Amino acid sequence: MHDSKMNPLTQKRTCPRFSSVIMVITAAFVVGQSGCQLFDGGGPGPMFLDVEDVLFRTGSNQGAPSHNFRDVWVYADGKDLGVYEWPVSVPVLSDGTVVTMTFLAGIRNNGINSNPIQYPFIQLVERTLDFTPGENVQVIPEFEHFDEVRFVFIEDFEGNHIFQSDVDGDPSTSIQKSSVALYGLFSGRGVVSAEHPLLEIGTATVYPTAEVVGSPLYLELDYKTDVPVEIGYNGLVTNLLTKDYVVGLVPQENWNKVYIELTGAIGSSIFDGYQIIIRATHQGGGEAEIFVDNLKLIHF
């Protein structure tokens, strides 16, 4: 990663990452204690920063602005205020008449609630605000990618799609275009049944590993599914094939977005090339559907 993307705010954090509830309680307690001391000395109390929503804007050739930035990492004049799941009202103290607020986009790595991290491909957002003790100030951070981000692929199923490699060997199972879409007109749909219980499909292209070495590597995707779905890769070295599934997704009635880290599995591997693969298995009963959309394999 280039030095320009290593923000000094992100390098200062050495404490464990707590849940947003704990962080809110802790921040409120600290501010309450500090506030008492400030009031005792005649100083101002806190301003409250209301984060009701976050936005995401994509540029040309960056795909749909789908996101699941559940958390914001908040700094005031460079001081770490904690990690918060929005919507939230963050108490802010300052010694001056203005305060510079910094926000970083947070995800749950691999969809695991207990693993919140700053998403490395997103620029921080800064807002300089008048410091108004006792007032509630609304801010909606709008995040964007770093200019340096690169995409191995973006698959939105609006045209001929890339998931054409029949890994399971069953020609009756495949990913087909569907009008049930989160963005645009189409998504990808797979079906499993008692007669065809396994869907295992991969990208038609074997991508060179050399292009992603030394960078964070993530697969983003939107999905909803009647059955568990696994996401993984085929890694190739000369004539040897290594198959591994790194994340399992539970059934979801509504669209959900997940960020799957492949940095170590692929970016730090000895593979010459790799495919991304998707697997779903019938769980009994009638037909079960799997929908995927807005798949992006992203790196620097």
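Which residue in strand E22 is the bridge partner of Asp222? In this predicted model, the residue of E22 that takes that place is Asp293, and the surroundings of Asp222 will be taken up again once the chain as a whole has been described.

The protein chain contains three helices and 22 strands. Of its 300 residues, 45% count as buried, and the chain exposes about 14200 Å², of which carbon and sulfur atoms supply 51%. When contacts with a separation of 6 or more are considered, 77% of those in the protein chain are accounted for by residues 24 or more positions apart. The strands are therefore a natural place to begin, since strands of a sheet pair through backbone hydrogen bonds, either parallel or antiparallel.

Strand E17, which spans residues 217–225, is mostly covered, with nine of its nine residues buried. Its two faces can be read separately: on one side lie Leu217, Leu219, Leu221, Tyr223 and Thr225, on the other Tyr218, Glu220, Asp222 and Lys224, and all of these are buried. E17 runs antiparallel to strand E22 (residues 288–299), to which eight bridges join it, and the pairing of Asp222 with Asp293 belongs to this set of strands. E17 also pairs with E20 in the antiparallel sense, here over seven bridges, and in E20 the residue that partners Thr225 is Gln252.

The side chain of Asp222 adds a further link between E17 and E20, for it meets the side chain of Lys257 in a salt bridge, at 3.6 Å from N to O. This pair links distant parts of the chain, with Lys257 in strand E20 (residues 252–261) and Asp222 in strand E17, 35 residues apart. Asp222, at 2% relative accessibility, counts as buried, and Lys257, with a relative accessible area of 6%, is buried as well; because the cut-off for that label is under 20%, both values fall within it.

A second salt bridge joins Arg279 to Glu230, with the closest N and O atoms 2.9 Å apart. Since Arg279 lies in strand E21 (residues 273–281) and Glu230 in strand E18 (residues 229–237), the pair ties together parts that are 49 residues apart in sequence. Here both partners are partly exposed, Arg279 at 23% relative accessibility and Glu230 with a relative accessible area of 28%. The structure holds 10 salt bridges, and one further pair leads to an earlier part of the chain.

That pair is Glu85 and Arg108, whose closest N and O atoms are 3.5 Å apart. Because Glu85 lies in strand E4 (residues 79–85) and Arg108 in strand E6, this salt bridge ties together parts that are 23 residues apart in sequence. The two residues fall into separate accessibility classes, Glu85 counting as partly exposed at 31% relative accessibility, whereas Arg108, at 12%, counts as buried. Salt bridges that share partners join Arg70, Asp71, Glu85 and Arg108 into one network.

Strand E6 itself (residues 98–108) is largely enclosed by the rest of the structure, because nine of its 11 residues are buried. With strand E3 (residues 71–76), E6 pairs in the antiparallel sense over six bridges, and Ala76 stands opposite Met101 in E6. With strand E8 (residues 125–130), E6 likewise pairs in the antiparallel sense over six bridges, and Phe103 has Val125 in E8 as its bridge partner. Strand E7 (residues 116–118) also runs antiparallel to E6, joined to it by three bridges, with Gln118 in E7 as the bridge partner of Gly106.

Another sheet completes the tour. This open sheet has three strands in the order E5-E1-E9, with mixed pairing. Strand E5 (88–92) and strand E9 (136–138) stand at the edges, each with a single partner strand, so one side of each is left without a neighbour in the sheet. From one strand to the next, the twist averages 30°. Strand E1 (residues 47–51) and E9 run parallel and are joined by three bridges, and along this pairing Phe48 stands opposite Asn136 in E9.

Notes
Residues are numbered from 1 along each chain as its sequence is written. This is a predicted model: local features need pLDDT of at least 70, side-chain atom pairs count only at pLDDT 80 or more; totals for chains, interfaces and linings use all residues. Side-chain values use heavy atoms; hydrogens and water are left out. Helices (H or I, at least four residues) and strands (E, at least two) are DSSP runs, numbered from the N terminus. Buried means under 20% relative accessible area, exposed over 50%, partly exposed in between (1.4 Å probe, protein chains only). Contact means heavy atoms within 4.5 Å. Accessible areas come from the Shrake-Rupley method with a 1.4 Å probe; for residues, only the protein chains shown count as cover. Two strands pair if DSSP finds at least two bridges between them. Axes are lines fitted to C-alpha atoms, for helices over the stretch in contact, and angles run from 0 to 180 degrees between N-to-C directions. A salt bridge is a side-chain nitrogen of Lys or Arg within 4 Å of a carboxyl oxygen of Asp or Glu.
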